[in-house]
Amino acid sequence: ALELFDRGIKLSKLPWRSEEAFSYFMKAAMMGYTDAEFQVGYCLASGIGTKQDFYEANKWYLKAALKGDGTSWFNLGVNYCEGNGVENDYEKALECFRKGAELGDEGCAFKIGFMYANGQGVEKNISEALKWYETAAERGDAIAYHNLAVYYHEGTYVKKDRKKAFELFKNLHRRRIRIFSEICQDTFFTD
């Protein structure tokens, strides 16, 4: 299954071979390979290499999520928030994000913070939102870094602390450079 998945990854970097890449992901997913199950869900949700189908995408995300894939929990949660292939249901979305956050997924932690900050499916609770944004930032979520930096810079929801805001912005800048470097490495310096 790993060989099929790896072949799919290599082909997915070539847009004109996306259908072929999807077929390799599907073969590996049918063998129960978790990363491939996620990738099939992603392709179906995005319409990459196949017809867009959120309903089917969610089935594959759930398979991967139940095996411990935090990003699949994130994508399921987003789809419950937006009603993609499922009924719009903020409670189920929050449940998905909590499961992903328990697995260490920074995006899930961020979304929980976002839901509390905006009263989306839960009672608005800024202190709970800040707690989750802090967790997401500690795990490396760039948007959480940004939001916290702005809050400290402007004194929104927290005591104004320009020094802390500067540190958060600096960490965010370092993270973006590292991510860009990794993308360049993966894109230009691999087979």
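**Exercise 1. The nonpolar core**

Which residues, of the 53 in the largest nonpolar core, touch the most other members?

*Solution.* The structure is a predicted model, and the steps below should be read with that in mind. Begin with the core itself, which holds 53 residues, and look for the members that touch the most others: these are V40, F97, I112 and L148. Next, ask which element supplies the largest share of this core; helix α7, residues 106-118, does so with seven residues. Finally, take one of the four residues, L148, and set aside its neighbours within four places in sequence, after which its contacts are L130, Y133, E134, A137 and L168. As background, in soluble globular proteins nonpolar side chains tend to be buried together.

**Exercise 2. The chain as a whole**

Describe the protein chain by its secondary structure, its extent, its burial and its contacts.

*Solution.* Counting elements first, the chain comes to 10 helices and zero strands, so that, read from the N terminus on, the order is α-α-α-α-α-α-α-α-α-α. For the extent, the C-alpha trace spans about 55 × 40 × 25 Å along its principal axes. For burial, 42% of the 191 residues count as buried. For contacts, take those with a separation of 6 or more: residues 24 or more positions apart account for 39% of them.

**Exercise 3. Helices α5 and α6**

Work out how helix α5 is oriented relative to helix α6, and list the residues that make their contact.

*Solution.* Helix α5 covers residues 70-82 and helix α6 covers residues 90-102; the two pack at an angle of about 165°, and their axes are 8 Å apart. Because angles over 145 degrees count as roughly antiparallel, α5 is roughly antiparallel to α6. The crossing in which α5 passes α6 is left-handed. On the α5 side, the contact is made by G70, W73, F74, L76, G77, V78, Y80 and C81, and on the α6 side by Y90, K92, A93, C96, F97, K99 and G100. Sorted by character, the residues of this contact divide into 10 nonpolar, three polar and two charged. One of the α6 residues in this contact, F97, is also among the core members that touch the most others.

**Exercise 4. Helices α8 and α9**

Carry out the corresponding analysis for helix α8 and helix α9, and decide how their axes are related.

*Solution.* The axes of helix α8, residues 126-138, and helix α9, residues 142-154, come within 8 Å and cross at roughly 130°. That angle makes α8 oblique to α9, and their crossing is left-handed. From α8, the contact is made by L130, Y133, E134, A136 and A137, while α9 contributes A144, Y145, N147, L148, Y151 and Y152. These residues divide into nine nonpolar, one polar and one charged.

**Exercise 5. G41 and S72**

Are G41 and S72 buried or exposed, and what does each touch beyond its sequence neighbours?

*Solution.* G41 is found in helix α3, residues 34-46, and S72 lies in helix α5. The relative accessible area of G41 is 0%, so G41 is buried; S72, likewise with a relative accessible area of 0%, is buried. Not counting residues up to four places away in sequence, G41 touches A57, W60 and Y61, and S72 touches F38, Y61, A64 and A65. Y61 therefore appears in both lists, where contact means heavy atoms within 4.5 Å. Although G41 and S72 are 31 residues apart along the chain, their C-alpha atoms are separated by 8.4 Å.

Technical notes
Residues are numbered from 1 along each chain as its sequence is written. This is a predicted model: local features need pLDDT of at least 70, side-chain atom pairs count only at pLDDT 80 or more; totals for chains, interfaces and linings use all residues. Side-chain values use heavy atoms; hydrogens and water are left out. Axes are lines fitted to C-alpha atoms, for helices over the stretch in contact, and angles run from 0 to 180 degrees between N-to-C directions. Helices (H or I, at least four residues) and strands (E, at least two) are DSSP runs, numbered from the N terminus. Angles under 35 degrees count as roughly parallel, over 145 as roughly antiparallel, 65 to 115 as roughly perpendicular and the rest as oblique. A crossing is left-handed if the near helix is turned anticlockwise from the far one by less than a right angle, and right-handed if clockwise. Ala, Val, Leu, Ile, Met, Phe, Trp, Tyr, Cys and Pro count as nonpolar, Asp, Glu, Lys and Arg as charged, and the others, Gly among them, as polar. A nonpolar core is a set of buried Ala, Val, Leu, Ile, Met, Phe, Trp, Tyr and Cys residues joined through side-chain atoms within 4.5 Å. Buried means under 20% relative accessible area, exposed over 50%, partly exposed in between (1.4 Å probe, protein chains only).
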